[in-house]
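Q: Please give a close reading of one residue in this model and its local setting. Then extend the account to the core, the helix packing and the unusual backbone geometry.

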Amino acid sequence: MADPRLTPGAEPAAGGDVLRGWATGGGPMAVRAQVVLLAEEGVRDAEIARRLGISRQTVGTWRHRWQSAGLPGLEQRPRTGRPATVDEAEVVTRALLAPGGSGAGRAIARELGLSHATVAGIRRRWRLTADAGPGPFVPTVPPLPGTDVWVLGLYADARRAVLLAGTRQSAAAAAGPAATVIGEDVLAGLGRALDALRPAAGRPAARDPAPDGLAGFLSAAAEHHPDIALHAVTLWNDSGRSPAPGPAGGPSVHLLPAKSSWRGFLRAMVALDSTSHPESSRRVYLDLIAALQQADGAVGWLRESVAGHLWSARRAVPEGGTAGAAPRPPSSSGVNQIDLGSFNECVVIESVRLSGTITRGEIAHRTGLTQQSVSRIARSLLDRGILVEDAQRRATSGKPRTPVRLCGTAAHALGLHIDPEVLTAVVIDLDGAIVCTCTRPVSADIDPGEFVAQVVALGCEALEKARGAVREDGFLGIGVAVPGPVDIASGTVLDPPLMSAWNDLPLLYLLQDHFPCPVIIEKDSLAAAAGERWIGRDRRARDFAYLYLGTGVGSGLYLNGDLYRGVSANAGEFGQLCAIALGRVDADGRPELLPECNPPVSVPDFAARRGLRTPGVAGGSTAAYRAVGRAAAAGDPAAAGALREVAGAIGRGALGLVDLLDIDLIVLGGPFFTDDAAPFYLEEIGRVVNDFPLARRLRQVEVERSVLSAEAAAVGAASTIFHATFTPRLRGRDRP
């Protein structure tokens, strides 16, 4: 007698029991059994698809297999190239990091060997689609509450690993594309580093973890991040013990989602964090990888207190600024406010800016655009007030020509320069003319919250002073120049020299909270180079290196028509180049921190060693530096020798730039490139970069003063707004 379970197209008692068992048991057979049971009840394919959340094609496939082959037709038969199991978290990672567009889901499906319907279903479950409700939703057991998810810490030892997540109910503003913040190299490196802590199967751990290690980590986490709800998600647990509940008032305890591996879930959480928060940049996770790789035993990593920085700084600055501060700046959409319609418009503006005044025919000749295109673009820019016409020029033949120039009052920007001793704010117009300047002394050990309050108040003060000159629709944004290194992706000041109290300060995020306009953060030397290019016009219309003499010496490079920022936007760390050129390295080969690359300290010190006395002036101060400069200008040999010694060391670094980049222009500027000291720097650096290069027979290197004022970094910071708005680029812009 035939086995009733094998009879196709029927539901004998035995076969029905098997189907109902599959349908209630979960797993890959549940959907197939539910399709057959509903079909046998007479439910139509479209209704089955709606009830089960699958496609009609899937319903038809399993109904036909049941009709043709019975139960064996429903049993697991993986299709060629399709994985037997799906790691939902990996799909989520790809969805978060993939470029947008309607084809992203299908591309992920092809890459992972899944159906498009499967990928779409996972995205809906995690609420990554616009029609899935408030999201994202992280389906841990139990699910994480809130839709604003952060990765705040990680604990790992040989027996278990726990990811510390933080949530809030209200989502923060989304960051830019994930590809600019995090990458596959970081995600893969994180998985490898964490996997290395887990002993291989059958091999005992090298060291038993402390029994209270995780409990201590969770307690420390609650103190470190007091302003955000914390959740401990177990990635793996080989200890044989169930996860213990967190301490009272501490993190809640969660397990991985049912259809996610620990590695996939970790990747998904990092991707989710980095695409939602500008503070959660590549640097944060490189720090985590380094902590895992350097671990000798258990690792308890807590990221910097982002919430503490944000909340304390926000509390320090009221919504409208500080008491007595000016109103908030006019709301503006930056580049969109000017509404440049094309690359050719930027080309025309650049041509006008470099020339000062120029006729339409000369623009066409210089740019290669047709006369008709130039006339159309110029008419549009005149109508919008970006260009104005000058007095007519008489022509030798034909009608008089009317030149055009930039309208300085068409646009304004605020520049802020953060220095260990003083904060500077300037408002400049499109021609680079300074509308107003404000300064405020600052202490290097000031509390971060109070520091941000002072920056905001100073910016508001400058905008209030410039109110009559700034058009409501012509304020483009705020540029901020800070000492490096800086994490541009998140706008975080990392380890500024002489400003240890401000380490890992998410300055961009905090300023954006108080200024409803575009804000750009730039390293001070790069900002100065941008300002030099913008205000220098045709005098700086070629490649050059800007040497910024501040509380250190930095360099900004302008190459091939644009600022060169490097991979991390920290190009121009000049001090180590000088140390290598002079052969000054520590015992382990690390380049020394040259005193010569800190002019306000080294110049007075070297002058004192040579016998110069500056009564009543403290050594190593701005006043002492200026006193030495005045003495050198008056002919004092000790003061002049000190300046030449420092200039010689800087010149050796400049020589490296000249030989490496094959440039023929060095620009000197910054607050310590004073009128008294300038001739010594220009002469000594000029001698070194022209006497020693290998290609000295082929080029003459010019060493020139900056066209910027003493507020070079602040003016440059404001110029970065103009530079980002108007400079023509064929590639995609990486700045607002």
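A: Ser 375 is partly exposed, with a relative accessible area of 24%; buried denotes values under 20%, exposed values over 50%, and partly exposed those in between, computed with a 1.4 Å probe on protein chains only. The residue belongs to helix α17, which spans residues 371–383; helices (H or I, at least four residues) and strands (E, at least two) are DSSP runs numbered from the N terminus. Arg 360 is 15 residues away from Ser 375 along the chain, yet their C-alpha atoms are separated by 6.7 Å.

The model is predicted, with local features requiring pLDDT of at least 70 and side-chain atom pairs counting only at pLDDT 80 or more, whereas totals for chains, interfaces and linings use all residues. Residues are numbered from 1 along each chain as its sequence is written, and side-chain values use heavy atoms, with hydrogens and water left out.

A second long-range pair involves Leu 476, in strand β12 (residues 475–482). Leu 476 counts as buried, because its relative accessibility is 1%. Its C-alpha atom lies 7.2 Å from that of Pro 518, although 42 residues separate the two along the chain.

Leu 476 is also one of the residues in contact with Phe 722, where contact means heavy atoms within 4.5 Å. Leaving aside neighbours within four places in sequence, the other partners of Phe 722 are Ala 411, His 412, Ala 413, Ile 428, Asp 429, Leu 430, Trp 534 and Thr 727. Phe 722 is, with Val 352, Leu 430 and Tyr 546, among the residues with the most contacts inside the largest nonpolar core, which has 48 residues. Such a core is a set of buried Ala, Val, Leu, Ile, Met, Phe, Trp, Tyr and Cys residues joined through side-chain atoms within 4.5 Å. Helix α26 (residues 712–726) gives the most to this core, supplying 10 residues. Another core, of 46 residues, lies apart from it and includes Leu 114, Val 138, Leu 163 and Leu 194.

Helix α24 (residues 637–661) packs against two other helices. With helix α22 (residues 599–609), the angle is about 135 degrees and the axes are 8 Å apart; axes are lines fitted to C-alpha atoms, for helices over the stretch in contact, and angles run from 0 to 180 degrees between N-to-C directions. The pair is therefore oblique, given that angles under 35 degrees count as roughly parallel, over 145 as roughly antiparallel, 65 to 115 as roughly perpendicular and the rest as oblique. The crossing of α22 and α24 is right-handed, that is, the near helix is turned clockwise from the far one by less than a right angle, anticlockwise being left-handed. On the α22 side the contact involves Ser 602, Val 603, Phe 606 and Ala 607, which meet Ala 638, Ala 639, Ala 642, Leu 643, Glu 645 and Val 646 of α24. These residues divide into eight nonpolar, one polar and one charged; Ala, Val, Leu, Ile, Met, Phe, Trp, Tyr, Cys and Pro count as nonpolar, Asp, Glu, Lys and Arg as charged, and the others, Gly among them, as polar.

With helix α25 (residues 678–691), α24 makes an angle of about 40 degrees, the axes being 8 Å apart. That angle makes α24 oblique to α25, and their crossing is right-handed. The contact draws on residues of α24 including Leu 643, Val 646, Ala 647 and Ile 650, and on residues of α25 including Phe 680, Tyr 681, Ile 685 and Val 688. Its composition is 13 nonpolar, two polar and four charged residues.

Three points of backbone geometry complete the account. Most residues other than glycine have a negative phi, and most peptide bonds are trans. Val 141 and Pro 142, however, are joined by a cis peptide bond, with omega about -10 degrees. Pro 142 is in the loop between α8 (116–125) and β1 (148–156), and Arg 127 is found in the loop between α8 and β1 as well. Arg 127 has a positive phi of about 55 degrees although it is not a glycine, and at 34% relative accessibility it counts as partly exposed. Asn 560, likewise not a glycine, has a positive phi of about 55 degrees. Asn 560 sits in the loop between β17 (553–559) and β18 (562–564) and counts as exposed, with a relative accessibility of 73%.
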